[in-house]
Amino acid sequence: TSAVGTSSFTLNASVHRPATDTLLAQATTVYVKFDEAKGSKAALDPHEKESLQQGAPDVIVDASGLRV
């Protein structure tokens with residue numbers, strides 16, 4: 001998680017070639033919490049914000065979705 005706001009958070013991802021660690025692609029995605037009943041964005045609750053701020057340091061996920 002690179003940023004956490006009142007109702008949104010930003011995640012960054014990168015894809016590397018395993019053999020050489022060559023960077024192949026990068027992506028940044030902004031997610032906004034949405035209240036369907038109200039039809040508008042909603043505030044992240046304290047637990048969500050804390051979890052997002054802690055992030056998942058040093059977690060690497062391979063192409064199969066397994067932690068390595």
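**Exercise 1. Find which residue in β3 is the bridge partner of N12, and place the pair in the sheet.**

Step 1. N12 has T28 as its bridge partner in β3. Strands here are DSSP runs of E with at least two residues, and helices are runs of H or I with at least four; both are numbered from the N terminus. The model is predicted: local features need pLDDT of at least 70, side-chain atom pairs count only at pLDDT 80 or more, and totals for chains, interfaces and linings use all residues. Residue numbers start from 1 along each chain as its sequence is written, and side-chain values use heavy atoms, with hydrogens and water left out.

Step 2. Go to the strands. β2 covers residues 8-17 and is joined to β3 by 10 bridges; the two run antiparallel. Two strands count as paired if DSSP finds at least two bridges between them.

Step 3. Check another position. S8 stands opposite V32 in β3.

Step 4. Look at the turn. The hairpin of β2 and β3 has four residues between the strands, and D21 there takes a positive phi near 60 degrees.

**Exercise 2. State the strand order of the open sheet, and explain which strands stand at the edges.**

Step 1. The order is β1-β2-β3, with antiparallel pairing.

Step 2. β1 (3-4) and β3 (22-32) each have a single partner strand, so each has one side without a neighbour in the sheet.

Step 3. Turn to β1 and β2. They run antiparallel and are joined by two bridges. A hairpin of three residues connects them.

Step 4. Name a bridge. A3 has T10 as its partner in β2.

**Exercise 3. Decide whether T10 and S7 are buried or exposed, and list their contacts.**

Step 1. Set the limits. Buried means under 20% relative accessible area, exposed means over 50%, and partly exposed lies in between (1.4 Å probe, protein chains only).

Step 2. Take T10, in strand β2. Its relative accessible area is 14%, so T10 is buried.

Step 3. List its contacts (heavy atoms within 4.5 Å). Neighbours within four places in sequence aside, T10 meets T1, S2, A3, T28, T29 and V30.

Step 4. Take S7, in the loop between β1 and β2. S7 has 11% relative accessibility and therefore counts as buried. Beyond residues up to four places away in sequence, S7 touches Y31, V32, K33, K41, A42, A43 and L44.

**Exercise 4. Find the one aromatic pair in the whole structure and classify it.**

Step 1. Rings of Phe, Tyr and Trp (its six-membered ring) pair if their centres lie within 6.5 Å; planes under 30 degrees apart are stacked, over 60 edge-to-face, and the rest tilted.

Step 2. The rings of F9 and Y31 have centres 5.2 Å apart and planes at 15 degrees, so this pair is stacked.

Step 3. F9 is in strand β2 and Y31 in strand β3, so the pair ties together parts 22 residues apart in sequence.

Step 4. F9 counts as buried at 17% relative accessibility. Y31 counts as partly exposed at 39%.

**Exercise 5. Locate the one salt bridge found in the whole structure.**

Step 1. The test is a side-chain nitrogen of Lys or Arg within 4 Å of a carboxyl oxygen of Asp or Glu.

Step 2. E48 and K33 form the salt bridge, with their closest N and O atoms 2.9 Å apart.

Step 3. E48 lies in helix α1 (residues 46-54) and K33 in the loop between β3 and β4 (34-35), so the pair ties together parts 15 residues apart in sequence.

Step 4. E48 is partly exposed at 27% relative accessible area. K33 is partly exposed at 29% relative accessibility.
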